[in-house]
Amino acid sequence: MGNQNTIQNSPEGQTEQKQTITTASPFQDLTDSYTALAKLEKPKQSQNISILSPFQNVKDLPTPLSLSQCVLHKHEILICGGVDKRDCYSYHTIKDEYKFICEYPSNVRLSGHCVIKLVDNNSSKNKDSNEITLLSFGGNTYTRHTLVMNYVSVWNDDDEMNKSKQSNNCNQWFPLTDSSNYPIHIGRSNDNHCGVRALIGGSNNHLLFIAYEPKKISVFNLNTLEFISDDILPTMDKVWYHCFVPKSENEIKKKNNEMLLFYQNTGLSIEYDEKNDVFQFHKIAVCDDIASFYKYAYVYTNDAILFFGGYGWNGRKYTVSKAVHKYLIQENKWITFELTLPIPLRDCFGILNQETSQIHIIGGCNDKIVPVSTHMKTKVSAWRDASHL
């Protein structure tokens with residue numbers, strides 16, 4: 001359906017591009033305008049990284065995973081497949097252990113999918129419940145799927161709970177269907193949903209905001225199971241494997257449905273007027289250090305977005321990054337940290353623990369574009385301010 005939109009340049013568009021200058025290049029085999037300084041500082045930097053690194057390795061993933069999707073449930077991180085990997089696991093953040101949940105159906109090939117946790121305001125399920133509902137969708141024209149899972153914690157060994165899992169078809173992926181048991185597909189027939197990202201919003205947590213290539217944003221009503229709005233993102237480049245987060249703490253503001261989207265040179269603040277079905281877009285300047293990258297891990301915390309690693313064209317070749325960047329939402333400022341990831345990573349996933357005190361970086365590909373089983377964590381407080389490094 002057609003709807004009106006407004007594009008505005010952010011009044012703070014003249015943002016400070018870089019808060020701290022790295023003393024050693026965070027990119028593999030790259031040099032920049034600070035080459036001389038980097039060469040002078042490199043021995044000292046390399047000696048200090050192992051001592052000062054804020055990252056801590058935890059138990060490796062059961063299998064190498066790239067482009068995995070993860071959802072938090074209490075002290076569990078639910079890890080839902082990856083490129084050509086159908087296995088799903090639960091990682092217990094306190095026990096530092098994994099348990100197998102299930103596999104995606106054999107006819108599903110994962111390629112740039114998206115997994116989110118649905119919110120049911122009218123259900124007996126609540127934040128203390130052991131049961132949640134997951135929605136998985138995305139992929140290209142040939143690998144698209146739309147599935148749901150009623151998940152009950154695999155860490156509960158109670159016999160009655162295990163019987164309930166079996167009788168209620170829990171912990172398995174099933175097609176999303178309507179009241180007549182007719183399969184519902186989230187995705188237009190001619191659109192590519194590979195690298196799609198989505199958020200839950202709306203006045204009753206009933207709207208699914210979907211941003212996908214080439215440069216589209218759609219609104220899907222989870223109550224009626226139908227698309228209700230479409231618009232075009234004001235960007236020169238296609239958008240996929242991007243950062244897509246709420247603009248406010250914990251959830252999208254109900255009144256304005258405010259979101260932030262970053263992809264390479266593109267930075268957008270997005271508002272959706274639910275009553276009038278109107279999008280507004282405000283452009284945000286992106287700092288030079290991250291402007292060519294995407295496929296990074298990212299997390300929203302303390303009114304800021306942290307970006308880890310990524311992949312993009314830099315210099316004269318494609319590069320996998322070790323860099324860590326931070327965007328301060330209210331101040332409209334970027335920070336590039338001196339300390340970096342222990343290894344170059346792309347296609348990794350970032351997620352907070354239940355206490356929002358630690359960030360987990362899960363899987364990804366290294367600079368050889370080989371999937372890894374690496375799982376590391378870092379304290380949120382380590383990245384609160386550049387002065388901490």
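**Exercise 1. Cysteines.** Determine whether C348 is buried or exposed, and state how many disulfides the structure holds.

*Solution.* C348 has a relative accessible area of 7%. Buried means under 20%, so C348 is buried. The model is a predicted one, and the structure holds zero disulfides. For C348, the nearest cysteine sulfur belongs to C365 and is 9.2 Å away. A disulfide requires sulfur atoms within 2.5 Å, and C348 is in no disulfide. The same procedure applies to C70, whose nearest cysteine sulfur, that of C80, is 7.1 Å away; C70 is likewise in no disulfide. The relative accessible area of C70 is 5%, so this residue is buried.

**Exercise 2. An edge-to-face pair.** Classify the geometry of the ring pair F337 and W383, and state which parts of the chain the pair ties together.

*Solution.* A search of the whole structure gives 23 aromatic pairs. Among them is F220 with F227, at 5.1 Å centre to centre and with 75° between the planes, which is edge-to-face. Both F220 and F227 are buried. For F337 and W383, the ring centres are 5.0 Å apart and the planes meet at 80°. Planes over 60 degrees apart count as edge-to-face, so the F337 and W383 pair is edge-to-face. Next, locate the partners: F337 lies in the loop between β25 (333-336) and β26 (349-352), whereas W383 lies in the segment after β28 (375-379). The pair therefore ties together parts that are 46 residues apart in sequence. Finally, consider accessibility: F337 is buried, with a relative accessible area of 1%, and W383 is buried, also with 1%.

**Exercise 3. A ring cluster and charges over rings.** Identify the residues that ring pairs link into a cluster with Y241 and Y311, and find which charged residue lies over the face of each of these two rings.

*Solution.* Ring pairs join Y241 and Y311 with W240, Y263, Y294, W313 and Y318 in a cluster. Over the face of Y241 lies K295, at 4.5 Å from the ring centre. Over the face of Y311 lies R346, at 3.9 Å from the ring centre.

**Exercise 4. An open sheet.** Establish which strands stand at the edges of the sheet that contains β8 and β9.

*Solution.* Four strands make up this open sheet, in the order β7-β8-β9-β10, with antiparallel pairing. The edge strands are β7 (113-117) and β10 (174-175); each has a single partner strand, so one side of each is left without a neighbour in the sheet. Strand β9 (residues 145-152) and β10 run antiparallel and are joined by two bridges. L147 stands opposite P175 in β10.

Note on methods. Residues are numbered from 1 along each chain as its sequence is written. This is a predicted model: local features need pLDDT of at least 70, side-chain atom pairs count only at pLDDT 80 or more; totals for chains, interfaces and linings use all residues. Side-chain values use heavy atoms; hydrogens and water are left out. Buried means under 20% relative accessible area, exposed over 50%, partly exposed in between (1.4 Å probe, protein chains only). Rings of Phe, Tyr and Trp (its six-membered ring) pair if their centres lie within 6.5 Å; planes under 30 degrees apart count as stacked, over 60 as edge-to-face and the rest as tilted. A charge sits over a ring if NZ of Lys or CZ of Arg is within 6 Å of the ring centre and within 35 degrees of the ring normal. Two strands pair if DSSP finds at least two bridges between them.
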